[in-house]
Amino acid sequence: MHAYRTHTCGQLRKTDVGQTVRLSGWVNRRRDHGGLIFIDLRDHYGVTQCVIEPGDAAFAVVDTARSEWVLTFTGKVVDRLEGTANADLPTGQVELRIEQAEVQSAAQELPLPVFGDMDYPEETRLAYRFLDLRRERLHKNIMLRSGIIRSLRNRMHEQNFTEFQTPILTASSPEGARDFLVPSRRYPGQFYALPQAPQQFKQLIQVAGFDRYFQIAPCFRDEDGRADRSPGEFYQLDMEMSFVTQDDVFAAIEPVLSGVFEEFAGFTGKTRTVDKAPFRRIPYAQAMLEFGSDKPDLRNPIRIADVSTVFGRADVEFKAFKGKTVRAIPAPGAGAQARSFFDKLNDWARSEGAPGLGYVILEDEGGVLTGKGPIAKFIPAAALADIAKSVNAKAGDAVFFAADKEDRAARLAGLARTRIGHELGLIEPDAFRFCWVVDYPMYEWNEDEKRIDFSHNPFSMPQTDRESFLKFSGADDKDALLALKVFQYDVVCNGYEMLSGAIRNRDPDVMLKAFEIAGYPNSETEARFGGMLNAFRFGAPPHGGLAVGLERVVMLLAGEENIREVTMFPLTQQGQDLLMSAPSDASAKQLKELHLKVVYPDKT
RNA sequence: GGGGGCGUAGCUCAGUUGGUUAGAGUGUCGGCCUGUCACGCCGAAGGUCGCGGGUUCGAGCCCCGUCGCUCCCGCCA
């Protein structure tokens with residue numbers, strides 16, 4: 001007989017009755033009846049009830065066992081007594097009569113109970129992550145993550161993509177985040193950078209003629225965390241392909257994404273619907289107008305409309321909105337809400353730094369639409385009708401207003417849309433709604449520094465021909481440049497950015513020009529991205545690709561709202577590993593080898 | 001870097017207007033219990049109220065500072 005087990009703890013069934021078997025696992029739960037003891041033994045595969053009576057040889061050993069001890073039991077599989085079967089347990093028809101028991105490892109009193117599904121403080125969970133990972137929910141999430149990765153790989157292979165590894169020790173890459181640096185021992189004062197993404201490498205792979213590349217790629221960015229964004233490191237499904245248009249890239253990834261979502265949609269036990277390919281496409285400008293965000297949550301039925309012209313009219317005398325961009329957010333059925341509903345939203349808007357959130361409640365008075373609320377008296381009937389029409393509102397609804405400079409009004413309207421949608425219970429449940437956001441602007445105006453900046457990835461292809469692009473002059477063509485769009489695209493699911501990509505700019509002259517417009521002299525562009533620029537001078541195929549945020553996919557499918565719940569060993573929000581104690585001091589010897597001296601910040 | 005929330009027994013939490021000896025559940029330890037599956041019953045031990053300072057006759061509670069975790073803003077195309 002095997003030293004530790006003949007079966008797993010999730011395996012035994014009625015057909016095994018009569019066999020002598022051996023199981024190993026952790027004590028999930030111990031129930032001591034004095035006369036007999038039940039031990040629920042748990043391993044990766046499941047739980048099996050084991051039982052022993054005082055006269056039995058191994059009783060003394062089993063009697064000492066406590067939660068989370070690791071034990072090996074040998075004994076006979078028996079049918080459960082009439083009426084004592086457990087229908088909730090796959091192994092619940094049988095139990096193990098313990099004949100021999102061996103303690104493999106005892107456990108101290110637990111800082112974090114494994115049994116049960118209570119919430120525990122993040123600090124405890126991370127410091128004892130090995131215990132937290134034993135718990136059912138996290139254990140399942142991590143297995144889901146592995147299954148998703150396997151599925152993504154298979155689906156990419158099915159479409160003739162090939163997986164390649166790219167370097168971890170490399171040079172600073174073109175993404176805009178802060179780099180993690182690794183000091184060089186052999187080159188004093190010089191540093192490697194960990195890749196923010198394999199961006200340049202995957203483009204070089206295309207130039208090298210490998211065509212359809214993908215990788216489950218680790219990425220490193222020294223930026224602060226959020227609930228949906230781990231600090232420091234994360235994984236992407238990174239892909240790139242040659243001789244493709246934007247439509248080709250879309251067609252390649254849509255079945256992968258919808259396929260993997262469909263495959264795992266049942267994970268939470270609920271039936272969740274998944275949008276089929278092709279996904280809806282929304283131009284960036286439309287997204288900012290109707291959703292107030294470039295991450296539209298399509299489960300929310302509310303659509304924002306611009307009503308600036310209505311408030312600009314002479315017959316509308318509400319001075320606070322004059323000369324501003326005014327966005328209207330309909331709140332279907334909100335007329336029935338108590339005053340506190342409106343006050344709470346107004347307080348919330350103030351906490352977001354807005355002066356407030358104006359609103360009117362629409363009512364029907366003898367077939368005529370009238371407005372109620374603090375600012376209703378400033379809006380004559382004709383204007384009210386126009387506003388109601390623009391957001392498809394009717395009597396019984398309310399309409400909120402966000403008024404500010406255009407970008408701020410759009411943002412506030414977007415946040416209000418999300419909040420109102422949730423408060424009114426309008427969010428479609430149990431659905432994954434996908435869309436492409438396309439036609440991003442190439443540049444944006446940096447008001448602080450009074451100059452033109454790249455708005456997203458500087459390596460995307462502008463949506464104009466080479467000749468007209470090369471003719472642009474930064475200062476004189478400001479308006480034209482800010483209106484210029486690029487072949488850059490995101491997929492958004494339920495308000496989360498799932499992936500981001502672009503058709504790449506592979507023309508060295510256009511690239512130098514693009515950087516020049518953003519204020520980088522050619523010498524600097526050559527110095528920073530010379531490797532890739534140079535490659536483009538030796539026969540570069542048209543190419544494009546994208547990268548899917550792996551943790552976001554797992555998070556959505558797991559039904560979790562925090563990325564730590566789908567990460568095996570996450571850092572705290574402050575970027576520390578409480579289990580391994582990272583970061584930590586380097587020894588004097590290490591620093592000397594690396595030619596480094598630490599200068600601590602002044603304490604004031 | 002900034003703003004909000006939290007920090008009380010091993011763990012999860014309660015703790016009134018600032019007032020006597022800081023409580024409960026769970027776990028641990030001891031006793032009882034032969035059919036439980038969150039087993040049950042009885043008892044015991046277990047506290048730097050995150051840390052430091054202050055106000056007060058008196059602070060878990062109020063004030064100041066600080067540390068940790070977290071959510072958000074900045075940042076992350």
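**View 1. A salt bridge joins Lys-276 and Glu-262.** The two side chains meet at 3.0 Å, N to O; a salt bridge is a side-chain nitrogen of Lys or Arg within 4 Å of a carboxyl oxygen of Asp or Glu. Lys-276 lies in the loop between strand S11 (273-274) and strand S12 (280-283) and Glu-262 in helix H6 (residues 246-264), so the pair ties together parts that are 14 residues apart in sequence. Helices (H or I, at least four residues) and strands (E, at least two) are DSSP runs, numbered from the N terminus. Lys-276 counts as exposed at 58% relative accessibility, whereas Glu-262 counts as partly exposed at 38%. Here buried means under 20% relative accessible area, exposed over 50%, and partly exposed in between (1.4 Å probe, protein chains only). The model is predicted: local features need pLDDT of at least 70, side-chain atom pairs count only at pLDDT 80 or more, and totals for chains, interfaces and linings use all residues. Residues are numbered from 1 along each chain as its sequence is written, chains are lettered from A and ligands numbered from 1 in the order in which they are written, and side-chain values use heavy atoms, with hydrogens and water left out.

**View 2. Arg-339 and Asp-343 form a salt bridge within helix H9.** The N to O distance between these side chains is 3.1 Å. Because Arg-339 and Asp-343 are four residues apart in helix H9 (residues 339-351), about one helical turn separates them. Arg-339 is exposed, with a relative accessible area of 55%, and Asp-343 is partly exposed, at 32%.

**View 3. Arg-564 and Glu-122 meet in a salt bridge.** The distance is 2.8 Å, N to O. The pair links distant parts of the chain, 442 residues apart: Arg-564 is in the loop between helix H16 (550-558) and H17, and Glu-122 is in helix H2. Arg-564 counts as buried at 17% relative accessibility, while Glu-122 counts as partly exposed at 25%. Both residues belong to a network of salt bridges that also includes Arg-125, Arg-129, Asp-132, Arg-135, Arg-137, Glu-560 and Glu-565. The count of salt bridges comes to 49.

**View 4. Ser-24 makes polar contacts from strand S1.** Ser-24 is buried, with a relative accessible area of 13%. Its side chain reaches the backbone oxygen of Tyr-4 at 2.6 Å and makes a polar contact with the side chain of Thr-72 at 2.7 Å. A polar contact is a pair of N or O atoms within 3.5 Å; within protein, one must be able to donate a hydrogen and the other to accept it, and residues adjacent in sequence count only if both atoms are side-chain atoms.

**View 5. The protein surrounds RNA strand B with 48 residues.** Thr-84, Arg-97, Pro-121, His-456 and Asn-562 come nearest; a residue is near a strand if one of its heavy atoms lies within 4 Å of it. Sugar and phosphate account for 50% of the atoms of RNA strand B that come within 4 Å of the protein. A side-chain N or O atom of Arg-31 is 2.6 Å from a base oxygen of RNA strand B. A backbone N or O atom of His-33 lies 3.3 Å from a base nitrogen, and one of Ser-455 lies 2.8 Å from a sugar or linking oxygen.
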